[in-house]
Number of protein chains: 2
Amino acid sequence: MAVPIIARDFTPEDWAFIFEGLPKVLRFELWQTLSEDKKSPILAAMRDDSREQLLSMLSSEHLEDVARSSSAEHLVEILDVLPNKIAKGLIKKLNSEESGLVEEALNYDDSQVGRYINHDLYTVHKSANVGDLLEELKDELLPPYTDSILVVDEANHYLGQVDINALFSNKPELSLVQIAEFSDRVISADLDLYDAAEAVKSSGRSMLPVIAKDGRLVGRFTIKDAIDVFQEYYEAQVSHMGRVSDEDLFAPVITSARRRAVWLGINLITAFAASIVIGVFDEVVAQVVALAVLMPIVASMGGITGSQTLTLTIRGLATGQLAKSNLRALGNKEVLVAFFNGILWAAVVSVITSFWFDNPWLSAIIGVSLILNMLVAAFAGIAIPVLLDKIGIDPALAGSVILTTVTDVVGFFVFLGSASLLLI
Amino acid sequence: MAVPIIARDFTPEDWAFIFEGLPKVLRFELWQTLSEDKKSPILAAMRDDSREQLLSMLSSEHLEDVARSSSAEHLVEILDVLPNKIAKGLIKKLNSEESGLVEEALNYDDSQVGRYINHDLYTVHKSANVGDLLEELKDELLPPYTDSILVVDEANHYLGQVDINALFSNKPELSLVQIAEFSDRVISADLDLYDAAEAVKSSGRSMLPVIAKDGRLVGRFTIKDAIDVFQEYYEAQVSHMGRVSDEDLFAPVITSARRRAVWLGINLITAFAASIVIGVFDEVVAQVVALAVLMPIVASMGGITGSQTLTLTIRGLATGQLAKSNLRALGNKEVLVAFFNGILWAAVVSVITSFWFDNPWLSAIIGVSLILNMLVAAFAGIAIPVLLDKIGIDPALAGSVILTTVTDVVGFFVFLGSASLLLI
């Protein structure tokens, strides 16, 4: 779908895209054909995983060449995936201006705007007037996504922004400081990346200036940066729902196997929890084997019901639309939805079961178990993510494993438990 | 997370956000407090679901007022969720310019750029020169996300775009047509929305002009439009993975129950398929009840393995990084990853099982079954989405249901089948 529609030069993103679609060996071959100046932007545009893999194939001399020809913001992305020792060695080899920028960026952690700051911005000194700026712009290009000019003092303190529109409508002798707005449209360098992306998106601007604690202008955050943050966020979410890290298509087998083993191990605990419940009721299962045949239905319908509520709840928590005030309303609604669907599918399953096994008690038991498990699932689908969120664990990461455990355990327990009371 | 960080006036997106977090009754009360001019932008910013719900509460007179004060592009979003008859009635009540725009938009289907076109753009006639334009801009504001001026003829045919930068660097007497580029940076009105979003994103521009088949400029597609398209796309994907439509947090219970019933019904078919397989082997299960206790483990570990591969494959297909050329390489890698994890977890499960049931044959059977099911799962995790994609079904929608069916059926079949051969 993402095949570039418009004929044009390859951007670093295009190259990153091409690399990520290639198996490991071909990546290295293609890499060697690239000119030096293209390399670091391409690396920065890659997924962490692919970048790490490619860098691991380079000699330390080659790495130094890449680092030296790299801009500070690209270099931070490269350093992020290198072992600490190598990263420190690389910083030492930079010229002082670049290493200053890089070290400033590394003061912020990898969820903060300050770390991945965009230094490609247009500033003007406070003493300039509109005419000076217009004169300067005759020879200089504004970088992409520039819809305002940032005004600073000698120490690079941020003083305000002048909308491009204002350059057309104001007299040349007017001082820029006079028409600049020190608006609330700024981002603090320690702001969370996702919040910064939301702020740019809702500002209606193509960029927002990023300011350090001491008032210095450290860079800008553009709407293109916002897109990248959103895409990374959503891709990670989709990956976690599929029980996989946000990994490279052609990650090394061992890396990939190791990471996925973690998810599989967690799932095994869930599966054994279900097995233990079945084991408690092994006598009734041995006597009425139809229970073994039907029990996956109860667990699985509960699992889907819970997953539906969980998905909505996680989205509501992530966007902030779900809060204490409307949690109860959502709970009522979700349990009611589960109740209606419980009645419907319990009826369907009971009818099919009665034709299959001709045992009215069994049909009744599976129907009631289905309804109960689906109600519990809807409740758990809200309670689990809300609790996880409260104790600071990302519900998107852990929510559905815990939910499956609950719906399996409750499903098997209610179904086999009531069978052991009523059938033997 | 998305709570606006920066103090500012509420945008239509903010209002939409607030509405979507409110239960139904409160939505209507809040709605009545809004001034008329705010209403249609807020409606357009809402999810389809929430918009439909709110509109269903309005009287037809109120609806007409909203439509009349609405811009064409907002109105299209409103008409999209109204019953056909009401929509047609509304169009008739518009003035001719607006209804012309709306009817043009409705010529495109709801996956095409032409339908949701942004008419808020700055054009200039081909006869103008740089000085004329600069004069005009003294009194007129460029709309947000404008980094180029679009040049058209009398019939509104697109002739090229002039970069804002060019206004500063060129002499006033220069004709705009002379400096305009009729670049390849344009979007065709029948282009798919997602492709258009990708095109804007990779263009490095804040906007691209949208051109009809006959060469007329019909509007523009901004980078903010691209963000909206991406977010909708990813939210839908996350929802489908959670087996739910992209629904409103407070959708009416009946609507919600009906939609989710579809997913539950499909899941029931899967669950019954698994039950049938178990039913085939009911004799061995009755004799060795440990099989009933352990069988969910085989199915579930296969399910997770398959889901991991499926998630990567779907992403690869969606981005276009996965194609015929590298499918085989991915297949080899994924099967190898599954093999390593199969060996690991088979060993773990076999050891636990031998302590639990003290039956070496049973331990051997579950170990081998686990490995086999995980290998099949990895293979199916690639084959299923690729085949679905080939026959034009969205793998994100149907992939994981089919996959679960495969891993359940194969898991139960291999485990119980080999047990019936070896244990009795």
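The following exchange between a biologist and a modeller goes through salt bridges, the contact between two chains, and a few single residues in a predicted model.

Biologist: Which residue forms a salt bridge with A:Asp80, and in which part of chain A does that partner lie?
Modeller: The closest N and O atoms of this pair are 2.7 Å apart, and A:Asp80 itself belongs to helix H6 (residues 72-80) of chain A. The partner is 35 residues apart from A:Asp80 in the chain, so the bridge links distant parts of chain A. That partner sits in the loop between helix H8 (96-106) and strand S1 (123-125) of chain A, and the residue is A:Arg115.

Biologist: Is A:Arg115 buried or partly exposed, and what is its relative accessibility?
Modeller: The limit for calling a residue buried is under 20% relative accessible area. A:Asp80, at 27%, counts as partly exposed, whereas A:Arg115 falls under that limit and counts as buried, with a relative accessibility of 14%.

Biologist: In which helix do B:Arg51 and B:Asp48 both lie?
Modeller: The side chains of B:Arg51 and B:Asp48 meet in a salt bridge, with 3.3 Å from N to O. In accessibility, B:Arg51 is buried at 1%, while B:Asp48 is partly exposed at 47%. The two residues are three places apart in sequence, about one turn of the helix, and the element that holds both is helix H4 (residues 48-56) of chain B.

Biologist: How many residues apart in sequence are the parts that B:Asp147 and B:Arg205 tie together?
Modeller: B:Asp147 and B:Arg205 form a salt bridge whose closest N and O atoms are 3.7 Å apart. Because B:Asp147 lies in the loop between helix H9 (130-137) and strand S2 (148-152) of chain B, and B:Arg205 in the loop between helix H12 (193-203) and strand S5 (207-211), the pair ties together separate parts of that chain. Both residues are buried, and the separation in sequence is 58 residues.

Biologist: How many salt bridges are counted between chain A and chain B?
Modeller: Over all chains the count comes to 44 salt bridges. Between chain A and chain B there are 28 residue pairs in polar contact, and one salt bridge is formed by the side chains of A:Arg260 and B:Glu334, at 2.7 Å from N to O. The count of salt bridges between chain A and chain B is two.

Biologist: What area do chain A and chain B bury between them?
Modeller: The size of an interface is often given as the accessible area lost when the parts come together. Here 124 residues of chain A are in contact with 123 residues of chain B, and 68% of the buried area is on carbon and sulfur atoms. The area that chain A and chain B bury between them is about 10,900 Å².

Biologist: Which helix gives the most to the side of chain A that touches chain B?
Modeller: By class, that side of chain A has 72 nonpolar, 28 polar and 24 charged residues. The element that gives the most to it does so with 20 residues, and it is helix H16 (residues 290-319) of chain A.

Biologist: Which residue supplies the backbone oxygen that lies 2.8 Å from a polar atom of the side chain of A:Ser350?
Modeller: A:Ser350 lies in helix H17 (residues 324-357) of chain A and is buried, with a relative accessible area of 17%. Leaving aside its neighbours within four places in sequence, A:Ser350 is in contact with A:Ser363, A:Ile366 and A:Gly367. The backbone oxygen at 2.8 Å from the side chain of A:Ser350 belongs to A:Ala346.

Biologist: How far apart are the end C-alpha atoms over residues 363-388 of chain A?
Modeller: An unreviewed UniProt entry annotates several stretches of chain A as "transmembrane region", among them residues 335-357 and 363-388. Over residues 335-357 the chain is 100% helix, with its end C-alpha atoms 31 Å apart. Residues 363-388 are 100% helix as well, and the end C-alpha atoms there are separated by 37 Å.

Biologist: Is B:Asp358 buried or exposed, and what is its relative accessible area?
Modeller: B:Asp358 has a positive phi of about 50° although it is not a glycine, and its place is the loop between helix H17 (324-357) and helix H18 (360-390) of chain B. Since residues over 50% count as exposed, B:Asp358 is exposed, with a relative accessible area of 66%.

How values were computed
Residues are numbered from 1 along each chain as its sequence is written. Chains are lettered from A and ligands numbered from 1 in the order in which they are written. This is a predicted model: local features need pLDDT of at least 70, side-chain atom pairs count only at pLDDT 80 or more; totals for chains, interfaces and linings use all residues. Side-chain values use heavy atoms; hydrogens and water are left out. A salt bridge is a side-chain nitrogen of Lys or Arg within 4 Å of a carboxyl oxygen of Asp or Glu. Helices (H or I, at least four residues) and strands (E, at least two) are DSSP runs, numbered from the N terminus. Buried means under 20% relative accessible area, exposed over 50%, partly exposed in between (1.4 Å probe, protein chains only). Contact means heavy atoms within 4.5 Å. Buried area is the accessible area (1.4 Å probe) that two parts lose on being put together, summed over both. A polar contact is a pair of N or O atoms within 3.5 Å; within protein, one must be able to donate a hydrogen and the other to accept it, and residues adjacent in sequence count only if both atoms are side-chain atoms. Ala, Val, Leu, Ile, Met, Phe, Trp, Tyr, Cys and Pro count as nonpolar, Asp, Glu, Lys and Arg as charged, and the others, Gly among them, as polar. UniProt positions are given in the numbering used here, feature names are shortened, and annotations may be inferred rather than shown by experiment.
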